[in-house]
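Grab your viewer and work through a few exercises on this model. Try each task before you read its solution.

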Amino acid sequence: MVKALIHRYDNKPDMLAVEKNRCSDVFNHSLDNDFELVIVVPTRAANTDLAVIAEALSGQYQPAEPRSWPGKPAAYVWRVDVGLVKETTLTIIKEAFDEANLNWAGAWTIRNVSLPDWIRDLLDDNLSDETESLSVVEEGLTAYRTGKSVVEAEVPEEVSAMEGLLREQTSYTRTRDRRLRNQALNRSKGVCEACEVDFSKLLNGQGVRALQVHHRNQLALIDLPVITKLSDLAVVCANCHALIHMNRDKAIPVEELKQLLGNGQVTKNAVK
């Protein structure tokens, strides 16, 4: 089971703003900060089946400067910082409630729940999209290594395709410990271990949300549970993380990528 903090918004604009604001604000708070996901669902007044699921990056806290959300002229009081955000449906969230034998009915505003592990999979990107993006990363890294330019492919003037279809998917994921993750992020002090960019100095400190925790020993390749220590984790930015995993079966060591990037010289030169 995965622990989640779930709350309601009475308007769709605020639900859509969670990804842009990288946080979820509410009027009230729960007493339990032990959760790894934040789920935002609509009230009847919102008149939508949209639901939002996000990776929790903090516990609940009162921000120094509450912001005004698009659907609410008044500012919310409590906040949870979030990372990856995905849209889903209220129907799917209710299915998770049913499977966990939780009662949906009631005039609740915010609550802590334990939901089936598959609810975490809603945060995963579409596999084909990830494969395509990794091929682009591989091409760019090859060009960097050889010093050759990347030839851009011809793009048709107009492309259209049907998207947004619902499909049933069953998958298994390896569990991660949120406490270890938070310790690793605190230890990093906002700096990517590969490109050495200090993201804490970007966007008034909000740049740290681009940082991700990387397991030096890939959990996806193991058959049995293992004990993970803080030294087994590295904190890298999203771009460096994509480079590290461009080969699904063999991740590039952080130290090797750091050397390829010239100990930050590529990024520093690009900034100048």
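**Exercise 1: place R8**

R8 counts as buried because its relative accessibility is 18%, where buried means under 20% relative accessible area, exposed over 50% and partly exposed in between (1.4 Å probe, protein chains only). A quick note before going on: this is a predicted model, so local features need pLDDT of at least 70 and side-chain atom pairs count only at pLDDT 80 or more, while totals for chains, interfaces and linings use all residues. Residues are numbered from 1 along each chain as its sequence is written, and side-chain values use heavy atoms, with hydrogens and water left out.

Task: find the strand that holds R8, then get its C-alpha separation from R111.

Solution. Step one: R8 is in strand β1, residues 2-9 (strands are DSSP runs of E, at least two residues; helices are runs of H or I, at least four; both are numbered from the N terminus). Step two: the C-alpha atoms of R8 and R111 are 9.7 Å apart, with the two positions 103 residues apart along the chain.

**Exercise 2: pairing around β4**

Task: work out how β4 pairs with β3 and with β5.

Solution. Start with cover: six of the seven residues in β4 (50-56) are buried. Next, β3 (37-42) and β4 run antiparallel, joined by four bridges; strands pair if DSSP finds at least two bridges between them. Here V40 stands opposite V52. Then turn to β5: β4 pairs with β5 over six bridges, also in the antiparallel sense, and A56 has V82 as its bridge partner.

**Exercise 3: the cores**

Task: which residues have the most contacts inside the largest nonpolar core?

Solution. That core has 23 residues, and C192, C195, C240 and L257 have the most contacts inside it. (A nonpolar core is a set of buried Ala, Val, Leu, Ile, Met, Phe, Trp, Tyr and Cys residues joined through side-chain atoms within 4.5 Å.) Elements giving two or more residues to this core are α4 (178-188), β7 (211-215), β8 (233-237), α5 (238-244) and α6 (254-260). The largest share, five residues, is from β8. Now zoom in on C240: leaving out residues up to four places away in sequence, C240 touches C192, A194, C195, L257 and L261 (contact means heavy atoms within 4.5 Å). Apart from this core lies another one of 21 residues, with V52, A54, W78 and V82 among them.
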